[in-house]
Amino acid sequence: MQTARADADIRPGGSPGAAPPSAPPPGVSRTALALDDVAEGARAFHLWGLLGWQDIRRRYRRSKLGPFWLTISMGVLVGTLGVLYASLFNLEIANYLPFVAVGFIVWGLISGLIADGCETFIGAEGIVKQVNLPLSVHVYRAVWRNLIVFAHNAIIYVVVAVLFAIWPGWAGLLALPGLALLCLNGVWVGLLLGLVSARFRDISQIVVSIVQVSFFLTPIIWTPELLSGRSSVLGVDPSLVLDVNPFFHLVEVVRAPLLGQAPALLSWYAVLGVAGGGWLATLVMYRRYRGRIAYWV
Amino acid sequence: MSADLSLRLDAVTVDFPVYGADARSLKNNLLRKGTGGLIGRGTDNRLSVRALEDVTLAFERGARVGLVGANGAGKTTLLRVLAGVYEPTGGRVRRRGRVASLFDVSLGMEPDATGYENIVIRGVLLGHPPARVRERMDEIAAFTGLGDYLAMPVHTYSTGMALRLAFAVCTCIAPEILLMDEWIGVGDAAFIEKAGRRMEEFVDSAGLLVLASHNPALLERVCATGVLLDAGRVKASGPIGDVLRRYEERDV
């Protein structure tokens, strides 16, 4: 995809907001620049690895327990909710509590990726405006940081698994590709939301409310079984909430394996579809607006 | 080192979109004042500031360039274009060589981390693997002259001390192109002396230096060429002495 307007891009009194970035040097397409940025950023793991750790350490530098505070607070939440809702819904606690525990841990990762995605470039303003680094570095940094938090929270899973004698068996290994797919989605979400919210600052407010609503629409504190056999509401089959809800599938590809079940094929397809569609949309936007990010932040 | 170290700008123009500014409050301000770039209005009624207009410059290995101009003349924007941070709205930039930039002392500074930790973070941000930064740690630590303070959290540092750290990291790990903004005023006399010497060494070893500063003595000492910017345009360029004289003649 060559752009044939190399030097003809000087517009007197043009409108930079709508203006596309200047044409790349001849022989280099903007698509190649965008893909390069994404690949180069991934290769700079020493950079985002260090910065991601630094983010965690900054938050907890003077506390003795550090990130384990997160683990403790989530553990308390999961424990109390698990016991309360098991009796409210009249469910077996040995099934329900592990379900809630894993659900919360995975949701924590997903919502963290989305929330941090909005801050990707805005939060890195100082770096973006001073060093010529692949911008995707800031996305990988956020994904890595969220994975570190996830790893801390995973302790809750271990405790719950021991308490309730859950052994996921071979199915448990499927959590790894599931997690990898979440991260793959996390990267495009960070690039896209980071870019859009650098330009339009109210995006993060909208995103926060969408994530909040999605939390209640997604079976995390309620189980999918509670929906089965329910009569339709306003002519809509309630089980649609599961099938067309991408968040359900995103949660499911990690939660189901950790509870010892293979996720449904539909969930894999959905997560792959979200990744494919998301990356496509992201690359279209990133290709066009990558060069403007430094001006926007 | 690559043989053909260079920085070239061809007819570079940079327009800044201005968001969140109330258009009406700037209505009376559309014409340029003594400082700042041109404030224009895009076709879709969005405000824009033309920070650089039609800038064509070429620097080769060994060049030592001083940027002068009033506040808002476009010096920082030009440095950011040279560093590759801003893609220009018009024109083209070609850059050969590894860039180390020192625009803002606080880049990547973690206030609660120690001086040593911050040296690593900053070095990595400038594109060096952590191992190489640690190899050079002794040299960098010595140049900062901060001694035991390096083991203290950086929030205990004064601005000048942070500057010493930033400057040391920037110059100790073989840069090819060194870009520096007008930060140096916060250093004490001894440090400015030391920094000046370090920059001389750097250009003597055939690097490429672009320095923006309001300190004529430092510019005359370190730079050979001067570029005078005014409202985003190159007003004059040539031997640093001449350019500084032009700048001082102008009623500021």
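A:G79 is partly exposed, with a relative accessible area of 26%. That value comes from a predicted model, as does everything else in this report. The glycine belongs to helix α3 of chain A, which covers residues 68-88. If you would like a second landmark, take A:P238: the two residues are 159 positions apart in sequence, and their C-alpha atoms lie 28 Å from each other in space.

**Chain A as a whole**

What kinds of secondary structure does chain A hold? Its count comes to 12 helices and 0 strands, so reading along the sequence you meet the pattern α-α-α-α-α-α-α-α-α-α-α-α. The C-alpha trace of the chain spans about 70 × 55 × 35 Å along its principal axes. Of the 297 residues in chain A, 54% are buried. Now consider the contacts in this chain with a sequence separation of 6 or more: 75% of them join residues that are 24 or more positions apart.

**Aromatic pairs**

Across all chains, a search of the whole structure turns up 15 aromatic pairs. In chain A, ring pairs connect A:F104, A:W107, A:F215, A:F216 and A:F247 into a cluster. A pair of aromatic rings is described by the distance of the centres and the angle of the planes. Here are those values for two pairs in chain B.

| Pair | Centre to centre | Angle between planes | Geometry |
|---|---|---|---|
| B:F16 and B:Y86 | 5.3 Å | 80° | edge-to-face |
| B:F167 and B:F191 | 5.6 Å | 85° | edge-to-face |

Where do the partners of the B:F16 and B:Y86 pair sit? B:F16 is part of strand β1 (residues 6-17) of chain B, while B:Y86 lies in the loop between α1 (75-83) and β5 (90-96) of that chain, so the pair ties together parts that are 70 residues apart in sequence. Both B:F16 and B:Y86 are buried.

The other pair links two helices of chain B: B:F167 is in α5 (residues 159-172) and B:F191 is in α6 (residues 189-204), so parts that are 24 residues apart in sequence are tied together. Are these two phenylalanines buried or exposed? B:F167 has 0% relative accessibility and therefore counts as buried. B:F191 also has 0% relative accessibility, so B:F191 counts as buried too; the cut-off for that label is under 20%.

**Helix α1 of chain B**

Next, back to the helix that comes before the loop with B:Y86. Helix α1(B) is mostly covered, with 8 of its 9 residues buried. Those buried residues are B:K75, B:T77, B:L78, B:L79, B:R80, B:V81, B:L82 and B:A83. Just after α1(B), B:G84 adopts a positive phi of about 90°.

**Two helices that cross in chain B**

How do α2 and α4 of chain B pack? Helix α2(B), residues 115-125, meets helix α4(B), residues 137-144, at an angle of about 115°, and their axes are 11 Å apart. That angle makes α2(B) roughly perpendicular to α4(B), because the range for this label runs from 65 to 115 degrees. The crossing of α2(B) past α4(B) is right-handed. From α2(B), the contact is made by B:Y116, B:I119 and B:V120; from α4(B), by B:M137, B:I140 and B:A141. These contact residues divide into 6 nonpolar, no polar and no charged.

Terms used:
Residues numbered from 1 in each chain as written. Chains lettered and ligands numbered in written order. Predicted model: local features only at pLDDT ≥ 70, side-chain atom pairs only at ≥ 80, totals over all residues. Heavy atoms only, no water. Axes fitted to C-alpha atoms, helices over the stretch in contact; angles between N-to-C directions. Helix = DSSP H or I, 4+ residues; strand = E, 2+ residues; numbered from the N terminus. Parallel < 35°, antiparallel > 145°, perpendicular 65-115°, else oblique. Left-handed = near helix turned anticlockwise from the far one by under 90°. Contact = heavy atoms within 4.5 Å. Nonpolar A, V, L, I, M, F, W, Y, C, P; charged D, E, K, R; others polar. Phe/Tyr/Trp six-rings, centres within 6.5 Å; stacked < 30°, edge-to-face > 60°. Buried < 20%, exposed > 50% of the residue type's maximum accessible area, 1.4 Å probe, protein only.
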